[in-house]
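Here are some exercises to work through with the model open beside you. Try each task before reading its solution.

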Amino acid sequence: MTSESFPKSKDSSTAIETIRVARAVRVDALRTRISTMSNCVPLVLEIGCGHGHFLTALAAARPAFHCVGVDIIAKRIESALRKCERAALPNLNFFRSEVGEFLEALPANTQIAEIYVLFPDPWPKKRHHKNRLFQASLLDHLAALSAPMLTRLHFRTDHEGYFAHASATIARHPRWRLTPELPWAFDCETIFSQRLPRHRSLTALCVDKPDTLPVHRGNAIENASKKNVNNSFTF
Ligand SMILES: C[S@@+](CC[C@H](N)C(=O)[O-])C[C@H]1O[C@@H](n2cnc3c(N)ncnc32)[C@H](O)[C@@H]1O
């Protein structure tokens with residue numbers, strides 16, 4: 001290392017440490033807020049919830065579910081929180097947060113019943129695909145907070161390439177199984193579904209270990225766990 005490069009690398013390690021500390025502070029603040037939520041099961045999580053239309057409708061239709069929406073854009077979460085206040089639903093919460101930070105802040109024993117990812121930004125250029133929300137690392141995090149054969153994932157996009165990417169990412173993942181036989185659990189219009197009426201949806205189920213994966217034969221799941229697939233979520 002030259003004497004000129006030393007201060008530069010010191011600066012960059014200071015910057016990395018500052019980012020790390022700021023992230024830890026945000027995760028701690030989320031943990032504190034999450035700890036004040038009562039009755040958090042069964043938990044429905046919407047990632048990138050935008051203005052909160054979908055989750056507010058879901059929470060109203062299904063009072064037994066605790067619904068949590070996360071989005072990184074403050075203005076969208078403010079709008080979602082206004083809906084939450086107007087609807088006065090005790091089973092609805094919105095958090096301004098990056099999803100990875102939010103998942104880290106959830107108690108380790110959390111078990112999510114349903115997950116929705118609706119119209120995530122498609123990042124259409126190849127060099128930007130790494131920015132897509134839907135990645136194997138997100139599926140890892142979600143699987144750690146999910147119940148095998150019970151937790152359902154719902155993904156919807158208007159972008160063919162993103163749909164193919166999401167399908168392939170799930171198909172390759174050892175803890176998730178595409179489930180064309182399972183219906184979309186709840187539906188309502190969102191800002192983006194109105195703007196983008198031509199879209200495609202998929203559902204997936206959390207599975208246990210690769211050696212107990214159900215095998216798809218046509219539209220059926222064929223293994224000993226088949227009977228669990230349509231069970232309701234009971235934690
Ligand atoms: C195209 S909008 C769709 C909003 C909503 N789901 C709908 O259908 O109207 C995608 C949303 O994902 C949010 N988002 C993107 N990356 C995120 C991340 N890493 N964590 C949380 N939210 C994220 C954006 O802020 C944006 O509101």
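**Exercise 1. The ligand shell**

Task: In this predicted model, find which residues around the ligand come nearest, and then work out which elements give two or more residues to the shell.

Solution:
- Step 1. Start with the shell itself: 20 residues surround the ligand, and Gly48, Gly50, Val99, Thr190 and Phe192 come nearest.
- Step 2. Now look for elements that give two or more residues to this shell; they are strand E2 (66–71) and helix H7 (191–195).
- Step 3. H7 provides the largest share, 3 residues.
- Step 4. Finally, sort the shell by chemistry: 12 of its residues are nonpolar, 4 are polar and 4 are charged.

**Exercise 2. From E2 to E3**

Task: Trace the chain from E2 to E3 and determine in which sense, parallel or antiparallel, the two strands pair.

Solution:
- Step 1. Leave E2, pass through helix H3 (residues 74–87) and arrive at E3; this β-α-β crossover is right-handed.
- Step 2. Compare the strands: E2 and E3 pair in the parallel sense, over 5 bridges.
- Step 3. For a landmark in this pairing, find aspartate 71, which stands opposite arginine 96 in E3.
- Step 4. Check the surroundings of E3 (residues 92–96): 4 of its 5 residues are buried, so the strand is largely enclosed by the rest of the structure.

**Exercise 3. The buried side of a helix**

Task: Identify which residues of helix H5 (residues 136–144) are buried, and say what these buried residues pack against.

Solution:
- Step 1. The buried residues of H5 are Leu139, Leu142 and Ala143.
- Step 2. These three lie on the same side of H5, because they cover an arc of only 100 degrees around the axis.
- Step 3. Look outward from the buried residues of H5: they pack against strand E4 (112–118), helix H6 (160–172), strand E6 (176–178) and strand E7 (200–206).

**Exercise 4. The partners of E7**

Task: Work out how many bridges join strand E5 (residues 152–157) to E7, and how many join E6 to E7.

Solution:
- Step 1. E5 and E7 run antiparallel and are joined by 6 bridges. To locate this pairing, take histidine 154, whose bridge partner in E7 is threonine 203.
- Step 2. E6 and E7 also run antiparallel, with 3 bridges between them. Here the marker is arginine 177, which has leucine 205 as its bridge partner in E7.

**Exercise 5. Two loop residues**

Task: Decide whether leucine 150 is buried or exposed, and then do the same for aspartate 208, choosing between buried and partly exposed.

Solution:
- Step 1. Leucine 150 sits in the loop between H5 and E5. It has 20 C-beta neighbours inside 10 Å, and therefore counts as buried.
- Step 2. Check what lies across from leucine 150: cysteine 206 is 56 residues away in sequence, yet the C-alpha atoms are 6.7 Å apart.
- Step 3. Aspartate 208 belongs to the loop between E7 and strand E8 (215–217). With 15 other C-beta atoms within 10 Å, aspartate 208 is partly exposed.
- Step 4. Aspartate 208 and methionine 149 are 59 residues apart along the chain, and 7.3 Å separates their C-alpha atoms.

**Exercise 6. The whole protein**

Task: State how many helices and strands the protein has, and what share of its residues counts as buried.

Solution:
- Step 1. Count the elements: 7 helices and 9 strands.
- Step 2. Of the 235 residues, 32% count as buried.
- Step 3. Turn to the contacts with a separation of 6 or more: residues 24 or more positions apart account for 76% of them.

Terms used: Residues numbered from 1 in each chain as written. Predicted model: local features only at pLDDT ≥ 70, side-chain atom pairs only at ≥ 80, totals over all residues. Buried ≥ 20, exposed ≤ 12 C-beta atoms within 10 Å, placed from the backbone. Arc of directions from axis to C-beta. Contact = placed C-beta atoms within 7 Å. Near = placed C-beta within 6 Å. Nonpolar A, V, L, I, M, F, W, Y, C, P; charged D, E, K, R; others polar. Pairing = 2+ DSSP bridges. Right-handed = clockwise from strand over helix to strand, strands pointing away.
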